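Dear colleague,

I am handing over the structure below, together with notes on what came out of going through it. Please read them with the structure open beside you.

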Amino acid sequence: MMADKAKKSKVSQGDDSDHIDGELVQSIEKLQEFQDELEKVNEEASDKVLEVEQKYNEIRKPVYDRRNEIIKTIPDFWLTAFLSHPALSDLLTEEDQKIFKYLDSLDVEDFKDMKLGYSITFNFKENPYFEDSKLTKTFTFFEEGTTKITGTAIKWKEGKGVANGVNHETKGNKRPLAEESFFSWFSETEQKDIAEFIDEVAEIIKEDLWPNPLKYFNNEADEEDSDGEEDIDEENGDDEGDEKEDN
């Protein structure tokens, strides 16, 4: 009799376990359905955001063009903006700075389909360093996850190319801060796996310098940093005063 009860108990426990496992599987499957639905919504949202961004890129373009015309009237605008930028200033050698005095305008342009890439173009006045009137670096993104990088092969004038050191070796994605010319950046054109590759110089120019170069020309970035430090010092001073009063 006791043996029969024990068997029934085990069977009952097994049934309960199967029931719980079945409910768990159903819950996970249902959860997956909701996640798939959210993924579709997110993809649709990304497409809509991209459409809006592309629309406003077209609106921004003539404004950027008019801005460039004004910048051309300001001596050494881009040189000053580069030298005032905390991440870009170390990339210019003394010789680069002389060349940048001939930099007439800078353009960053997304492809019509922004997901496919963008280009950065430096437009130069006639100068004693190279024949090119513009130097361009282009990033093309492919669906399989690779990035094709092309850059202008600079036509240096006689005796100028060696001084500006093109085709230097680089380690990883970072460019050394020593005496390597900024212009060697145009020759860094290997195809990369987009998941592992970030061109730091291009990202900084595209996402930070280009949208508002006036901030760096006016050294406003340094002022913001110093204001932040002053606020911290004032807070620390207040804290010390409070401690003295408590004592």
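Let me begin with the aromatic rings, for which the count comes to 25 aromatic pairs; please keep in mind throughout that this is a predicted model. One of these pairs is formed by F130 and W156, whose rings meet edge-to-face, with 5.5 Å from centre to centre and 75° between the planes. F130 belongs to the loop between β2 (117–124) and β3, while W156 belongs to the loop between β4 (146–151) and β5 (192–193), so the pair ties together parts that are 26 residues apart in sequence. Both of these residues, F130 and W156, are buried.

A second pair worth showing you is that of F182 and F186, also described as edge-to-face, with centres 6.2 Å apart and an angle of 90° between the planes. F182 is buried, its relative accessible area being 0%, and F186 likewise counts as buried, at 1% relative accessibility. Both pairs can be found in a cluster that ring pairs build from F82, F100, F122, F124, F130, W156, F182, F183, W185 and F186.

Two rings also have a charged side chain over them. The charged end of R67 sits over the ring of W210, at 4.6 Å from the centre of that ring, and K206 lies over the face of Y118, 5.0 Å from the ring centre.

K206 leads on to helix α4, which spans residues 200–209 and in which V201, A202, I205, K206 and L209 are buried. Where around the helix do these residues lie? They cover an arc of only 130° around the axis, which puts them on the same side of α4. As general background, an α-helix has 3.6 residues a turn, so residues three or four places apart point the same way. The buried residues of α4 are covered by elements that include α2 (77–84), β1 (103–110), β2, β3 and α5 (213–217). At the start of α4, a side-chain oxygen of D199 comes to within 3.2 Å of the backbone nitrogen of V201.

Of the elements that cover α4, helix α2 is itself mostly covered, since six of its eight residues are buried. The buried residues in question are F77, W78, L79, A81, F82 and S84, and F82 is also one of the members of the ring cluster.

Strand β3, which runs over residues 134–141, holds T138, a residue that is buried with a relative accessible area of 16%. Which residues does T138 touch, once its neighbours within four places in sequence are left aside? The contacts of T138 are then with F111, Y118, S119, K148, I149 and T150, and Y118 among them is the residue whose ring has K206 over its face.

Finally, two loop residues deserve a look at the backbone. Most residues other than glycine have a negative phi. D76, in the loop between α1 (2–71) and α2, has a positive phi near 55° without being a glycine, and D76 is partly exposed, with a relative accessible area of 29%. N219, in the loop between α5 and α6 (220–246), is not a glycine either and has a positive phi of about 60°; N219 is partly exposed, with a relative accessible area of 31%.

With best wishes

Note on methods: Residues are numbered from 1 along each chain as its sequence is written. This is a predicted model: local features need pLDDT of at least 70, side-chain atom pairs count only at pLDDT 80 or more; totals for chains, interfaces and linings use all residues. Side-chain values use heavy atoms; hydrogens and water are left out. Helices (H or I, at least four residues) and strands (E, at least two) are DSSP runs, numbered from the N terminus. Buried means under 20% relative accessible area, exposed over 50%, partly exposed in between (1.4 Å probe, protein chains only). Contact means heavy atoms within 4.5 Å. Rings of Phe, Tyr and Trp (its six-membered ring) pair if their centres lie within 6.5 Å; planes under 30 degrees apart count as stacked, over 60 as edge-to-face and the rest as tilted. A charge sits over a ring if NZ of Lys or CZ of Arg is within 6 Å of the ring centre and within 35 degrees of the ring normal. The arc is that of the directions from the helix axis to the C-beta atoms. A polar contact is a pair of N or O atoms within 3.5 Å; within protein, one must be able to donate a hydrogen and the other to accept it, and residues adjacent in sequence count only if both atoms are side-chain atoms.
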